[in-house]
Amino acid sequence: MKSIILLFFLTLFLSVGCYSFKGIAIPPDVNSYFIENFQNSAPQAPGDINQRFSEALRAKIRNESRLVYNEQTPDIEFAGSITGFRLTPEAPQAGNTVALNKLEITVSINFTNKKDETKSWKKTFSFFRTFESDKDFISIQDQLISEIFKQLMENIFNEAFAGW
């Protein structure tokens, strides 16, 4: 009986204070977020990549946190730009050919926490995918971007909401 009561109070103690979901912790006084439309500073990137990135980050936070989108007075804000969109050859082979190509996307993020300025940061995130060099890049570009965005969103989300 004592162990059940102890377990109850331990569970209650751990659940009070911060919101926790999938390894994240959001203080109870942080209730809203805003994501400014990102800029596209990468000349080789598709023209709509910044809009796609902004919407993907909004969806990630909307779907995986309790925060509410608020353009007027948000508790936290994200801003930044797509700074790199680089396609490079990888895995050289004999005869001046390559086996793989690599698409790398780099994003600069400004995270502002209006409830606790010590939690604000500016960082660069980058991720890549390789693909076989005999594949037509244009035909797989959207798929590669989506895969890269998925990992970038995870990294940005974890940086913003883990360890509070």
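Of the 164 residues in this protein chain, 38% are buried. Keep in mind that you are looking at a predicted model. Let's start with the whole chain, then visit one helix and one residue.

**The chain as a whole**
- The protein chain contains three helices and eight strands.
- Read from the N terminus, its elements follow the order α-β-β-β-β-α-β-β-β-β-α.
- Among contacts with a separation of 6 or more, 67% link residues that lie 24 or more positions apart.
- About 9,700 Å² of the protein chain is exposed, and 54% of that comes from carbon and sulfur atoms.

**A look at helix 2**
- Helix 2 covers residues 49–64, which is 16 residues.
- How far should helix 2 span at 1.5 Å a residue? The expected span is 22 Å, and the end C-alpha atoms are 22 Å apart, so the two values agree.
- Several residues of helix 2 are buried, including Ile49, Phe53, Leu57 and Ile61.
- The buried set in helix 2 also includes Asn50, Arg58, Lys60 and Glu64.

**Zooming in on threonine 106**
- You can find threonine 106 in strand 7, which runs over residues 97–113.
- Is threonine 106 buried or exposed? Its relative accessible area is 13%, and buried means under 20%, so threonine 106 counts as buried.
- Setting aside neighbours within four places in sequence, threonine 106 is in contact with Ser81, Ile82, Thr83, Gly84, Thr124, Phe125 and Ser126.
- With serine 126, threonine 106 also shares a polar contact of 3.3 Å between the side chains.

Methods. Residues are numbered from 1 along each chain as its sequence is written. This is a predicted model: local features need pLDDT of at least 70, side-chain atom pairs count only at pLDDT 80 or more; totals for chains, interfaces and linings use all residues. Side-chain values use heavy atoms; hydrogens and water are left out. Helices (H or I, at least four residues) and strands (E, at least two) are DSSP runs, numbered from the N terminus. Buried means under 20% relative accessible area, exposed over 50%, partly exposed in between (1.4 Å probe, protein chains only). A polar contact is a pair of N or O atoms within 3.5 Å; within protein, one must be able to donate a hydrogen and the other to accept it, and residues adjacent in sequence count only if both atoms are side-chain atoms. Contact means heavy atoms within 4.5 Å. Accessible areas come from the Shrake-Rupley method with a 1.4 Å probe; for residues, only the protein chains shown count as cover. The expected span of a helix is 1.5 Å times one less than its number of residues.
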